[in-house]
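Student: I learn best when I look hard at one part instead of skimming everything. Could you pick a part of this chain and take me through it slowly?

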Amino acid sequence: MTKKEIKAMISLLDDQDHEVASHVEQKIVSMGESIIPFLEEEWEETLDTDLQKRIEDLIHDLQFGGLMGRLKEWKENGAKDLIEGMWLVNSFMYPDVDLANITKAVEQLYFDAWTHMKENMHPFDQVKALNNVLFREKRFSANTKNFHSPANSMLHLALETKRGNPLTLCVIYMTIAQKLDMPVYGVNLPNLFILTYKMDGVQFYINVYNKGLVLSKADIDNYILQLNLNPVDIFYEPCSNLDIVKRALRNLAFSFEKMDDLEKATEVTKLLTAISDD
C-alpha cells in the first residue's frame, strides 16, 4: 500500500459505520508495527480526542504484539544474549530505547573494569577489583527508596541513574564479569537475586545489592534457614538467562500490582507466560 492509501485507511477509524471502523482496525493490526509511524502522524494531525485514544490503543496493541513475538524468538534462539532479553523487558515501558545504547553503556563499563584487571588474579581479587570500579568509581548502588517502582526493573534506567534493584544490578555486574572471563552467574534466591563465582572447585557468592559483598555457602544456608525454607539446588546453583528474564518479568508484574495497575500487570504476565513452558 502507498502512503496515501494507508493514510486514507487510517482516516476511516472514526467512520460512523461501526463495521467499517472495526474492519479497518483489524486490517491495521494485521499490518504489524510498520504502520505505527503513520498512526502517530494521524494522532498528531487530528483534534478528535476519541480518535486519538483509539489510535493510542492501537499503537499499544501493535507494540505489545511485536514485543511478545520478539521475546518468543529470543527464547527459541537459545536465550543467549542476556542484555537483549533484559532490553526486551525494558521495551514494555520504553519501546523507543535502543538496544545499541544499552550495549554501548555496558561496553564502556567493561573497558573501565578491564583496565584494573591483571593476569592470574585470585578470584577474590578479581571480585574486589570489579567491586571497586562499579561501587566506588562509578558509584552504582541499591535503589532502596523506590524498591517496588516499575522503573526499578528497567535496565537502561539502572545504567543511567546508577541505581537499581538486585536483579538489574546483578545483570550489569554479571555481564561485565563474563566479558572479563570471570565465571560469574546468576542465582535465584527467594526474595533476593545474587551471583555466584563458580569454577574448578571454587565457589562463593556475591551480593551485588550490598556493594558486591562476598558470601559463603554457610551464609546462604543461614539465609534460607531464616526464611524457613528447605535448601534446594536452585538456591545455590547458576540459573539460565531465560530464568533471569522470567524473574525480571515477575518483578515488573508485581510492581504494577503494588501500584494497582492491574491492566499492565496482566499484560506483563502474558509476556511471562509466552516464554514459560509450565
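Tutor: Let's take one helix, look at what surrounds it, and then follow one of its neighbours to a sheet. First, a bit of housekeeping: this is a predicted model, so I only discuss local features where pLDDT is at least 70 and side-chain atom pairs at pLDDT 80 or more, while totals for chains, interfaces and linings use all residues. Residues are numbered from 1 along each chain as its sequence is written, and side-chain values use heavy atoms, with hydrogens and water left out.

Now zoom out for a second. The chain has 12 helices and six strands; these are DSSP runs numbered from the N terminus, with helices being H or I over at least four residues and strands being E over at least two. Its C-alpha trace spans about 70 × 45 × 35 Å along the principal axes. Of its 278 residues, 45% count as buried, where buried means under 20% relative accessible area, exposed means over 50%, and partly exposed is in between (1.4 Å probe, protein chains only). Take contacts, meaning heavy atoms within 4.5 Å: among those between residues at least 6 apart in sequence, 59% join residues at least 24 apart.

Our helix is α6, residues 99–114. How far should its 16 residues span at 1.5 Å a residue? The expected span is 1.5 Å times one less than the number of residues, so 22 Å is what we'd expect, and the end C-alpha atoms of α6 are indeed 22 Å apart.

Next, check which way its residues face. Ile102, Val106, Leu109, Asp112 and Ala113 are the buried ones in α6. They cover an arc of only 120° around the axis, so they sit on the same side of α6; that arc is taken from the directions from the helix axis to the C-beta atoms. Flip to the other side of α6 and you'll find Asn101 and Lys104 exposed. And what covers the buried residues? The cover includes α5 (82–93), α7 (123–137), α8 (155–161) and α9 (166–179).

Have a look at the start of α6 too. Aspartate 98 caps the N-terminal end, with a side-chain oxygen 3.3 Å from the backbone nitrogen of alanine 100. That's a polar contact: a pair of N or O atoms within 3.5 Å where, within protein, one must be able to donate a hydrogen and the other to accept it, and residues adjacent in sequence count only if both atoms are side-chain atoms.

Leucine 99 is in α6 as well. It counts as partly exposed because its relative accessibility is 22%. Leaving out residues up to four places away in sequence, leucine 99 touches Ile83, Glu84 and Trp87. Leucine 99 and histidine 156 are 57 residues apart in sequence, yet their C-alpha atoms are 9.1 Å apart in space.

Remember α9, one of the helices covering α6? Let's follow it to a sheet. Four strands form an open sheet in the order β3-β4-β5-β6, with antiparallel pairing; two strands pair if DSSP finds at least two bridges between them. At the edges are β3 (184–189) and β6 (213–215), each pairing on one side only. Ignoring direction, neighbouring strands of this sheet are turned by 35° against each other on average. Here α9 packs on the sheet, touching β3, β4 and β5 (202–207), and its direction makes about 20° with that of β4. For such angles, axes are lines fitted to C-alpha atoms (for helices, over the stretch in contact), and values run from 0 to 180 degrees between N-to-C directions.

Finally, look at β3 itself. It pairs with β4 (residues 192–199) in the antiparallel sense over six bridges. Leucine 189 stands opposite leucine 192 in β4, while tyrosine 185 has threonine 196 as its bridge partner there. The two strands form a hairpin with two residues between them, and asparagine 191 in the turn has a positive phi of about 70°. Is β3 enclosed or open to the outside? Five of its six residues are buried, so β3 is largely enclosed by the rest of the structure.
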